[in-house]
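Biologist: I am new to this structure and would love a close look at a single part of it. Could you pick a loop and walk me outward from there, through whatever surrounds it?

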Amino acid sequence: MVELLQETTTKGHQYEEETCLGQETQAMDIRLNSELFTLTYGALVTQLCKDYENDEEVNKQLDKMGYNIGVRLIEDFLARSSIGRCQDFRETADVISKVAFKMYLGITPSVTNWSPAGDELSLILESNPLVDFVELPDNHSSLVYSNLLCGVLRGALEMVQMAVDVKFAQDTLRGDNVTEIRMKFIKRIEENLPAGDE
Amino acid sequence: MADDVLFEFLHMEMVSHIYKDQASRGEMEKDRATCVSTLEGMGFRVGQGLIERFTKDSPSFKDDLDVMKFICKDFWINVFRKQIDNLRTNHQGTYVLQDNKFALLTQFSNGKQYLEEAPKYLAYSCGLVRGALSNLGMDCVVTAEVSLMPSCESLLSSSSSSFIIYHHTTPNITDTTEMF
């Protein structure tokens, strides 16, 4: 049970100081921090599965949440990478796979399967950090576990005036060999109304 | 390898979603308490898993204080990238962990304006700590207090985040794998 209190509850108690924490920071294995993100995401998906009856609804919620994260993440990305404006969709795809994915997830998906018109592409992820420790049970066969990523890409690109459609074409959790994200450029967004949260 | 900021964004969105969801379902009576419980429960499960991965090669702890020091140093550094600033105890099962610049509250504006919102953002972390302690053999209640952003209220007048841990019973330190 947890009670979050506004007032101090520690009045009247005598506490001794334990000052032996010291100032030295030990060389921690930073890799374990990524597990915090992976495990948190797992807890989130589990909670959503509990809250919503069917997988489609969970997929939608993940996409929405990803969108809300994406519209904020893009600013963090632009601030940290100081990448200038991309000239075309190909360059955008390159930046996404070589800079953004590398910066946030530590992986570099390959960009392939361009459509003849140059407006649709695939990102092939050899490994997906989100799905470490994850197995899909049989009754959730249509759950797109990593759907948050689609929302993030969609939200982030919308903030740089690109409307895209993003979805998973292949998923290792559902038995495919690789994870494939299919991204389709829809149109350039004119700068008029600011987009809000969904 | 996930960047730290990803967790912060995810956490913010999680809190926002849980509360929006609750509001849209129109269950006014349940309101905040359920949201807090939900978040805390998620944190609990994650904390259990994390501490397992983290301590699988470490020797067992001598006593409760040792466990708390581990939480304050190694665990906190791993999760929030800094140590706890101050640990106090009354040697009777209550510990106060003080964080002057709690990582998940630094995005809030300083001062009193959003003080009411702070507990939402602490629930998950309370769960994390409770889950970690539970797998280390300590059954606890973890609460958090905020007096001034980005820190929580503390006993002394300095502003900080306090995580207050009430350890109820003498722990039976069993093999953590038996917990499941």
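Modeller: Happily! Let us begin at A:S82, which sits in the loop between α2 and α3 of chain A. Please keep in mind that this is a predicted model. At 62% relative accessibility, A:S82 counts as exposed, because the cut-off for that word is over 50%. Its backbone deserves a glance too: A:S82 is not a glycine, yet its phi is positive, at about 45°. As background, most residues other than glycine have a negative phi.

Now look at the two helices on either side of this loop. Two packed helices are described by the angle between their axes and the distance between the axes. Helix α2 of chain A covers residues 55-81 and helix α3 of chain A covers residues 89-105; they pack at an angle of about 95°, and their axes are 11 Å apart. α2(A) and α3(A) are therefore roughly perpendicular to each other. On the α2(A) side the contact is made by A:L73, A:D76, A:F77, A:R80 and A:S81, and on the α3(A) side by A:V95, A:V99, A:A100, A:M103 and A:Y104. Sorted by character, the residues of this contact are seven nonpolar, one polar and two charged.

While we are on α2, find A:E57, which lies in that helix of chain A. A:E57 is partly exposed, with a relative accessible area of 24%. The C-alpha atom of A:E57 is separated by 9.2 Å from that of A:L143, although the two are 86 residues apart along the chain.

Next, follow α3(A) to another helix. The axes of α3(A) and helix α4 of chain A (residues 147-158) come within 13 Å and cross at roughly 120°. α3(A) and α4(A) are therefore oblique to each other, and the crossing is right-handed. Here α3(A) contributes A:T92, A:I96, A:F101 and A:L105, while α4(A) contributes A:L149, A:L153 and A:L157. The residues of this contact divide into six nonpolar, one polar and no charged.

Both helices also meet a sheet. α3(A) lies across β2, β3 (120-125), β4 and β5 of chain A, and runs at about 15° to β3(A). α4(A) packs on the sheet as well, where it touches β3, β4 and β5 of chain A, and its direction makes about 165° with that of β4(A).

What does the sheet itself look like? Four strands of chain A form an open sheet in the order β2-β3-β5-β4, with antiparallel pairing. β2 (110-112) and β4 (162-170) of chain A stand at the edges with a single partner strand each, so one side of each has no neighbour in the sheet. Neighbouring strands of this sheet are turned by 25° against each other on average, direction ignored.

We can cross the sheet strand by strand. In general, strands of a sheet pair through backbone hydrogen bonds, either parallel or antiparallel. β2(A) and β3(A) run antiparallel and are joined by three bridges; A:T112 has A:S122 in β3(A) as its bridge partner. β3(A) is mostly covered, with five of its six residues buried. Six bridges then join β3(A) to β5(A), again antiparallel, and A:L125 stands opposite A:T179 in β5(A). Finally, β4(A) pairs with strand β5 of chain A (residues 179-188) in the antiparallel sense over eight bridges. For A:D165, the bridge partner in β5(A) is A:K184.

One more loop makes a nice comparison with our starting point. A:Q161 lies in the loop between α4 and β4 of chain A. Phi of A:Q161 is near 70°, a positive value in a residue other than glycine. A:Q161 is buried, because its relative accessible area of 18% falls under 20%, whereas A:S82 counts as exposed.

Before you go, have a look at chain B. Strand β1 of chain B (residues 86-89) pairs with strand β2 of chain B (residues 94-99) in the antiparallel sense over four bridges. The two form a hairpin with four residues between them, and B:H91 in the turn has a positive phi of about 60°. In β2(B), B:Q98 is the bridge partner of B:N86. From β1(B), B:N86 and B:R88 point one way and B:L87 and B:T89 the other way, and all are buried.

Key
Residues numbered from 1 in each chain as written. Chains lettered and ligands numbered in written order. Predicted model: local features only at pLDDT ≥ 70, side-chain atom pairs only at ≥ 80, totals over all residues. Heavy atoms only, no water. Axes fitted to C-alpha atoms, helices over the stretch in contact; angles between N-to-C directions. Parallel < 35°, antiparallel > 145°, perpendicular 65-115°, else oblique. Contact = heavy atoms within 4.5 Å. Nonpolar A, V, L, I, M, F, W, Y, C, P; charged D, E, K, R; others polar. Left-handed = near helix turned anticlockwise from the far one by under 90°. Pairing = 2+ DSSP bridges. Buried < 20%, exposed > 50% of the residue type's maximum accessible area, 1.4 Å probe, protein only.
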